[in-house]
Amino acid sequence: MGRWHDAARDKRLTYPSPSADTVSLTRRAEWQALCKHAKEIRPRHLRDLFAADPARGEWLNAEAAGLYMDYAKQRVDRETMRLLLALAAACGLEERIAAMFRGDRLNTTEDRATLHVALRAPVHAQFLVDGKNVVPEVHGVLNHMAKFSRRVRHGDWKGYTGKPIRAVVNIGIGGSSLGPEMAYEALRRYGLRDMTFRFVANVDGTDFIEATADLDPAETLFIVCSKTFTTQETLANAHAARDWCLRALGDEAAIGRHFVAVSTNAAGVTAFGIDPANMFGFWDWVGGRYSMGSAIGLSTMLAIGAENFHRMLAGFHAMDEHFRKTPLADNLPVLMGLLAIWNTNFLEVSTAAVLPYAQSLKRFPAYLQQLAMESNGKHVTVDGRPVDYDTGAIFWGEVGTSGQHSFYQLIHQGSRLVSCDFIGFCQAAHPLGRQHDFLMANMFAQSEALAFGMTADEAKSSGMPVPLVPHRTFEGNRPSTTLLARRLDPTTLGALVALYEHSVFVQGAIWNIDSFDQWGVELGKTLAGRIPQAFAAAEGDEDSDHDSSTRTLLRRYLALR
């Protein structure tokens, strides 16, 4: 029956579809009940919650796909969780989950399915988009990737001069770069040590120059990742790479040996000089920030090999199946998503710190920034109505213990409330004396200190000089969740990423927003496309259609360029 008994779960319920739901979220009885409950919880300290229920650490947890989640240090009690699950039921969360796995067009503004779960499905599975099973196509691309990866990794794929490939440079931006780079760093110890992997995303020329400064063009392979093959930043860097190769190799025919593409635009790829046979496709039902298990992960597969890449997909799939089939009360992504709703909307926690105690996850906070903030940074519901509640926490973070010596001071004693996710592993990636024990001791101590703090009486009893007591007092009552796994390996990484993907989905479902479009990003691209014409106007001392601030900045830039 699960740890959160609710009579509603004992019945077959019909959940309203999001498009048909006309009840404002904040007017729901379940939302109002949570507002009332929050007033009761806010004055209660985590010290009081643990005193009232010393064993809460034994039941405020959940486990799946190799991940153990302890949320006993969140500011919740049994009633909080019961009310949150009632809100999830009222918002039709179970139906929304089923709709995603059915291939329904949940990306309403772009009229697309959101079926990234099909990317990691086993070959015998069935996922339908417009009545067609897409799994065979997915595995066709994975097989294409595996064959190509084996040729490159074994030295059978030769560059234009006959040398094997020793360096791979992934050119993309957003999800076409953040996911592959994060995965490479996380799984570097599984990779080839005699190959170099670099990632170029920024249109600032420094990014490309520094990434290629020590590389030999005759031994370098570029992967150009752009679904449409029109992304401005990616194409700018791709053409810089093309010129870099041609200056050294001198023949247009060299492009076909040193460039491959992840795209759906065969004509654009061919015009660039890439053989369409070396184009790895994907689909419009895959959003960029959900694409690291697709051909966008080609650099990951080149680094860690096809077998390890499939282990990562298996980790994704294990969490997908848990999310799909497990009752809400025991469902890791659901619980994580509901806790985020509680913190954001009822405890007024506006930021979430992601704190991996694993150096290999140094790019994980940046990856989650895009996943969470691009997905749920929305101001209208799926049917275009303005929201009257906060959506999308601000994500940030750093690996421990480095973060402890920079921003933890604000988390402990600052005036703003921050919710923290601690991520740790029981086995060291690289054992070195007792250092891993020291690392994990720091993680456990930080979560404990955030929860319980230090009272003035405790400071005084420790012999603290009275004038220092206010400075050495810690309020505590800072919420945190701790995720533990046996070790960081490809399977665990897949499960960890899927956990956060589905948690973001849960939040979007409750807020009734489209978590799969990103029109704010598109606006920036549109405006950036107008700037070159503004340069020409400014150089000719003509007025452009930009505002006076932008015109003045353009003129100053051109004068100092």
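This dialogue reads a sheet, a helix pair and several salt bridges in a predicted model.

Colleague: Let us begin with the sheet; in what order do its strands lie, and is the pairing mixed or of one sense?

Modeller: In this predicted model, 6 strands make up an open sheet whose order is 1-2-13-12-10-11, and the pairing is mixed. At the edges stand strand 1 (61-64) and strand 11 (394-397), each of which pairs on one side only, while the twist from one strand to the next averages 20°.

Colleague: In which sense do strand 10 and strand 11 pair, and what lies across them?

Modeller: Strand 10 (residues 351-356) pairs with strand 11 in the parallel sense, over 4 bridges, and Ala 352 has Phe 395 of strand 11 opposite to it. Helix 15 (residues 364-376) lies across strand 10, strand 11 and strand 12 (418-425), and runs at about 175° to strand 11.

Colleague: How should I read the packing of helix 13 and helix 14?

Modeller: Two packed helices are described by the angle between their axes together with the distance between those axes. Here helix 13 (residues 306-325) packs with helix 14 (residues 332-346) at an angle of about 75°, the axes being 8 Å apart, so helix 13 is roughly perpendicular to helix 14. Met 319, His 322 and Phe 323 of helix 13 make the contact with Leu 332, Pro 333 and Val 334 of helix 14; by type, these residues divide into 5 nonpolar, 1 polar and no charged.

Colleague: Turning to charged side chains, how many salt bridges does the structure hold, and where does Glu 321 fit in?

Modeller: Side chains of opposite charge can pair when their charged atoms come close. The structure holds 25 salt bridges, including that of Glu 321 with Lys 325, in which the closest N and O atoms are 2.8 Å apart. Because Glu 321 and Lys 325 are 4 residues apart in helix 13, about one helical turn separates them. Glu 321 is buried, with a relative accessible area of 17%, whereas Lys 325, at 61% relative accessibility, counts as exposed.

Colleague: Which parts of the chain does the pair of Lys 378 and Asp 517 link, and are the two residues buried or exposed?

Modeller: Lys 378 forms a salt bridge with Asp 517, with 2.7 Å between the closest N and O atoms. The pair links distant parts of the chain, 139 residues apart, since Lys 378 sits in the loop between helix 15 and strand 11 and Asp 517 in the loop between helix 19 (490-511) and helix 20 (519-539). Both Lys 378 and Asp 517 are buried.

Methods: Residues numbered from 1 in each chain as written. Predicted model: local features only at pLDDT ≥ 70, side-chain atom pairs only at ≥ 80, totals over all residues. Heavy atoms only, no water. Pairing = 2+ DSSP bridges. Helix = DSSP H or I, 4+ residues; strand = E, 2+ residues; numbered from the N terminus. Axes fitted to C-alpha atoms, helices over the stretch in contact; angles between N-to-C directions. Contact = heavy atoms within 4.5 Å. Parallel < 35°, antiparallel > 145°, perpendicular 65-115°, else oblique. Nonpolar A, V, L, I, M, F, W, Y, C, P; charged D, E, K, R; others polar. Salt bridge = Lys/Arg side-chain N within 4 Å of Asp/Glu carboxyl O. Buried < 20%, exposed > 50% of the residue type's maximum accessible area, 1.4 Å probe, protein only.
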